[in-house]
Amino acid sequence: MNHWEVYDQLLDQVSQSLDDGRREMLLRVEGLRCRACVRRLERALPPGPVEAQADVASGSCLLNWDPACLPLSAVLQAIDDAGFRPVVLADDASRRTARDERRAALGRIGVALLFGMQVMMLASGEYLGEIDPVLRPLLRHAQWLLATPVVLYAGWPFLRQGFGALRALSPTMDTPVAIAIATAYLASAINTLLDTGAVYFDSAAMFVLLLSLARFVEAHGRTRAAARLRLLAGAQPLAALRREQGQLLEVPTSALRAGDLLVVPPGAAVAADGELICAAAALDESLITGEAVPRERRQGEAVCAGSVNAGPLPLELRVSSAGARSVLSQLTRLMQRAQLAKPRAQQLADRIAGRFVGVVLLLAAATGAYWIGSGAELGMSLQTMLAVLVVTCPCALSLATPMAHAAASTRLAREGLMLVQVDALHAATRVDTVCLDKTGTLTTRRMRLQEVRTLSALDADACCAVASGMEAGLNHPIAQAFRDACPQAPAIPSRLDGVQGLRAETTDGVWHLSRLPSTTTDCAGAIHALRWLELSRDGRPVARFALQEQLRPGAGAMVRRLREMGLEVVLFSGDGQEAASGVAELAGIAGAQGNLLPEQKLRRLAALQAAGHRVLAVGDGINDGPMLAAADVSIGLADGAALAQAHGDAILIQDNLEAIAVLLQVARQARRIVVQNIGWAIAYNLTLLPLAMSGALPPWLAALGMGGSSLLVTLNAQRLLGAGGSGHLPVPLVRAAQT
Amino acid sequence: MNSLFLLIPLAIAMVVLAAGFLFAAIQGGQFDDLERHQHRMPDDEP
């Protein structure tokens, strides 16, 4: 019997069931500070039935376990036994925990600062000269009194983590620090009681203060990275208004089922994915797409959970999927998985840091033994040992990569690009060719009827109505364009004729609607990026329609920026060469290849790769699956509800292609910063270790060096956030999360 | 010098008092969100 058992009953509310009968859930783990902690946590769980992916950067752990073999309570208990505190994320609880953690950290820093200052002031007397033997016990007892809350309260996380890990025989980075703090404090206390030797209360207080400060900045960077995620997770309202037999009832979101009718008052967030029943509505989908302008949705269109009713009237919708299956939940889970994945570079840093701690402990012991053996004063030997313990902590080394990656994905999220595969950031640094798909990628899926040329007595509106009626049952950009131009046209039953034509038989005759072969038409080349269709009756042409394709926002800017970075941009299209070249010219792309089937696209891509190019492929993820899968790095595009099926190493959720250029730029910058950070960490440890061993480095300076080093690495990574890098989201999002 | 026997305990008492104020401020939520409020200026609602 343990107190985790309550979660066995709440299984459906805290976790999600996977296809193979296993379940997956995100767990916040308190006390997860370094990579060695991660290994300790992962080792504490039985490897077969439980797979755990813990992440230092967000302080969380993704659990994948088999509930048939092992109840959730047992998994949680095992994590608890390993010295961590698991916090089950149930909507709101995570935010409360984050807030409490921040408050506790601030309180610890405050105590360390206020009391530590007093300790140092009282200690300064002994540095300045001989103290009156009457006053000395007073000063030392006062220091002891003041240093006790610093060490036992502010330093408690370090002591608990460090000694907990030592007991489990897998020392983490906190272990040398904990030993240093405890040794300094205890030795000083004994010397105070005996009124002999020296005291180091000031050193102990200084350690704790500097380390707490460094930890706080680290945690702050971590919180920023997780801010968007937490916002997403908290965006789904906990209750919704459901229409039941003519009256409105407030019900918990968890009770919603597909088919329920919901009413969303103005300014409130939608609780579940659904289909709009009322005529029209304006929806603020900024949370999902990052697009700030509210979007018009018409009757029958899909609405995502988490979007906010931006119109003046209540809107009504029919729930299509609720809870863990909603687009918002899928998006959240996708982002969580991305945050938890360990990049390869980081795994290497972990291994090095893990071994390093063991070496540090041995070196410190050897240093102490050497100094005592060589007849030095006990106090001096102790100080040297403390300095070695503190100065060599490999914190900076193990923070170097995760901090840079967290900052990079935050920056990309702000640009509307969601990183799914963390290793993609590394692969993107080597990309030299960008392959774009045309329809749905470089251009929007929407086309516009630009021009109608009549070739017979039938007027333009009548021709349009016929064509529109023939296209009525189809769901294709061309059909959509006719529907937009002529919404009232009655449907005419039609069937496919040949590859790309439609045929319909009415009382007026036999109609054909066909694409014009671009080589034979006399209107080709008049305006670029126009597609021509011809309507004919009984074999005689009656009208020609010009459809214009629209470039996605940011297409031109993206191509320009990619060119500036020295990358080659090519366009692969399934449409005719003419159409492909036209669009390419509009966007400023030199190389366009049309008439490509999906397999041919794949073959062209393979040819590029065989020629030594590293290729980034961009596609809409649904039709371009094979091409995206084969590329070195892939970006999938997703509009609203299509998100759940999107593929790719990264997913573009905002309607702005410029983010693709930003990805490549951020990737290059991130690599530079990781190299700088690791270089700094190694150089720092190699330089200061001999200094500390020789006794030239006082313990307080060692603490300053270590804290400063971690701080430097963290701040260096924050540069990735770019200009205006508060990492904060625009106001409507915050308000959405509150409603 | 004997004044130290009074002043040091007094200093300790003041530090404890200061720490008390700090904790009251932290628990009151003053430091919970230092970023959001700068964006809230255009908001009508409090």
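These exercises work through helix packing and one sheet in a predicted model.

Residues are numbered from 1 along each chain as its sequence is written, and chains are lettered from A in the order in which they are written. Local features need pLDDT of at least 70, side-chain atom pairs count only at pLDDT 80 or more, and totals for chains, interfaces and linings use all residues.

**Exercise 1.** Work out how α13(A) runs relative to α24(A), and which residues meet.

Step 1. Locate the helices. α13 of chain A covers residues 378-391, and α24 of chain A covers residues 699-718. Helices are DSSP runs (H or I, at least four residues), and strands are runs of E (at least two), numbered from the N terminus.

Step 2. Read the geometry. The two axes come within 8 Å and cross at roughly 0°. Axes are lines fitted to C-alpha atoms, for helices over the stretch in contact, and angles run from 0 to 180 degrees between N-to-C directions.

Step 3. Classify. The crossing makes α13(A) roughly parallel to α24(A). Angles under 35 degrees count as roughly parallel, over 145 as roughly antiparallel, 65 to 115 as roughly perpendicular and the rest as oblique.

Step 4. List the contact. On α13(A) the residues include Leu386(A) and Val390(A); on α24(A) they include Ala702(A) and Met706(A). Contact requires C-beta atoms, placed from the backbone, within 7 Å.

Step 5. Sort by type. Eight residues of this contact are nonpolar, two polar and none charged. Ala, Val, Leu, Ile, Met, Phe, Trp, Tyr, Cys and Pro count as nonpolar, Asp, Glu, Lys and Arg as charged, and the others, Gly among them, as polar.

**Exercise 2.** Repeat the analysis for α23(A) and α24(A).

Step 1. α23 of chain A spans residues 658-693. Its axis and that of α24(A) come within 10 Å and cross at roughly 175°.

Step 2. That makes α23(A) roughly antiparallel to α24(A).

Step 3. Trp680(A) and Tyr684(A) are among the α23(A) contact residues, with Leu712(A) and Val713(A) among those of α24(A).

Step 4. The contact holds 10 nonpolar residues, five polar and no charged.

**Exercise 3.** Lay out the seven-stranded sheet of chain A.

Step 1. The order is β15-β27-β26-β25-β16-β23-β24, in an open sheet with mixed pairing. Strands pair if DSSP finds at least two bridges between them.

Step 2. β15 (417-419) and β24 (591-593) are the edge strands, each pairing on one side only.

Step 3. The twist averages 20° from one strand to the next.

Step 4. β26 (residues 633-637) and β27 (residues 650-652) of chain A pair in the parallel sense over three bridges. Gly636(A) has Ile651(A) as its bridge partner in β27(A).

Definitions and conventions
Contact = placed C-beta atoms within 7 Å.
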